[in-house]
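Subject: The structure I promised you

Hi,

Here is the structure we talked about, ready for you to open and turn around. Have a look first, then read my notes below.

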Amino acid sequence: AKLIERQLRSYHSWPQSKGADEGTNGNVDMHHLFPSRSAINSDRGDFPYSDINDNQTQRWYYLGNEMSNKPNANINAYSEFVGGTLEPRESVKGDIARALFYFWTIYRDDAMQADPDFFQSQLTYLCQWHEQDPVDDFEAMRNQKIASYQDGKLNPFIVDCSLVKRAYCNDLAQCEIVSIEELHHEKSAIL
């Protein structure tokens, strides 16, 4: 258990040096904090996200493993790194995108002061990822749980999928909004 604790740390999806630094509200806002392996967090640093060509990937991360060779199977479960950028695993790309939309919207002044180009440099990928990886039950429940610790404040980009299109990604197709009550009903019907 201690080995796992040392390998995991709190991960700022919006880098501290880009506006989420200590002393700001964005630093402690859990809507953009995720658990991460230390190696991934360290390699990503304050680089932006992007899609990386598999043949250019320098490091592949899966669970506690890091390798330099392209995996033979289950490639979508790996996060990828090449000098200057990180590509999260496929199943969390939308979650990361919605966290960054949230941070940019709520803490824009801090982000602009630190690096006015950081958000825009990733916007194309974030729009694609939001569409390709829609909100799932876990993300919706995580949003509710975080809100219970943060004065009821939800990430609105999780609650209303159309907000991304209206605010930042005009070219996206219309999404189907699923209410939190519907998600809870679906979840209870599955169990």
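Let's start where two helices touch: Lys93, Gly94, Ala97, Arg98, Leu100 and Phe101 in helix 4 meet Leu123, Leu126, Cys127, Trp129 and His130 in helix 6. Sorted by type, the residues of this contact are 7 nonpolar, 2 polar and 2 charged. Keep in mind that this is a predicted model, so everything here is computed.

How do the two helices lie against each other? Helix 4 covers residues 93-106 and helix 6 covers residues 123-132; their axes come within 8 Å and cross at roughly 125°. That angle is why helix 4 counts as oblique to helix 6. As for handedness, the crossing of these two helices is left-handed.

Next, the sheet. It is an open one, built from 4 strands in the order 4-3-5-6, with antiparallel pairing. Which strands stand at the edges? They are strand 4 (65-67) and strand 6 (85-87); each has a single partner strand, so one side of each has no neighbour in the sheet. On average, neighbouring strands here are turned by 20° against each other, ignoring direction.

Now zoom in on one pair in that sheet. Strand 3 (residues 59-62) and strand 5 (residues 79-82) pair in the antiparallel sense over 3 bridges. In this pairing, Arg59 stands opposite Phe81 in strand 5.

Arg59 is worth a second look, as it also has a charged partner. Side chains of opposite charge can pair when their charged atoms come close. The side chains of Arg59 and Asp43 do this in a salt bridge, at 2.7 Å from N to O. The pair links distant parts of the chain, since Asp43 belongs to helix 3 (residues 38-44) and Arg59 to strand 3. How far apart are Asp43 and Arg59 in sequence and in space? They are 16 residues apart in sequence, and their C-alpha atoms are 9.4 Å apart. In the whole model, the count of salt bridges comes to 9.

What else does Asp43 touch? Leaving out residues up to four places away in sequence, Asp43 touches Arg59, Tyr61, Glu66 and Phe81. Phe81 is a residue you have met already: it is the one that stands opposite Arg59.

If you want a route through the model, try the contact of helix 4 with helix 6, then the sheet with its order 4-3-5-6, and finish at the salt bridge of Asp43 and Arg59.

Cheers

Notes: Residues are numbered from 1 along each chain as its sequence is written. This is a predicted model: local features need pLDDT of at least 70, side-chain atom pairs count only at pLDDT 80 or more; totals for chains, interfaces and linings use all residues. Side-chain values use heavy atoms; hydrogens and water are left out. Axes are lines fitted to C-alpha atoms, for helices over the stretch in contact, and angles run from 0 to 180 degrees between N-to-C directions. Angles under 35 degrees count as roughly parallel, over 145 as roughly antiparallel, 65 to 115 as roughly perpendicular and the rest as oblique. A crossing is left-handed if the near helix is turned anticlockwise from the far one by less than a right angle, and right-handed if clockwise. Contact means heavy atoms within 4.5 Å. Ala, Val, Leu, Ile, Met, Phe, Trp, Tyr, Cys and Pro count as nonpolar, Asp, Glu, Lys and Arg as charged, and the others, Gly among them, as polar. Two strands pair if DSSP finds at least two bridges between them. A salt bridge is a side-chain nitrogen of Lys or Arg within 4 Å of a carboxyl oxygen of Asp or Glu.
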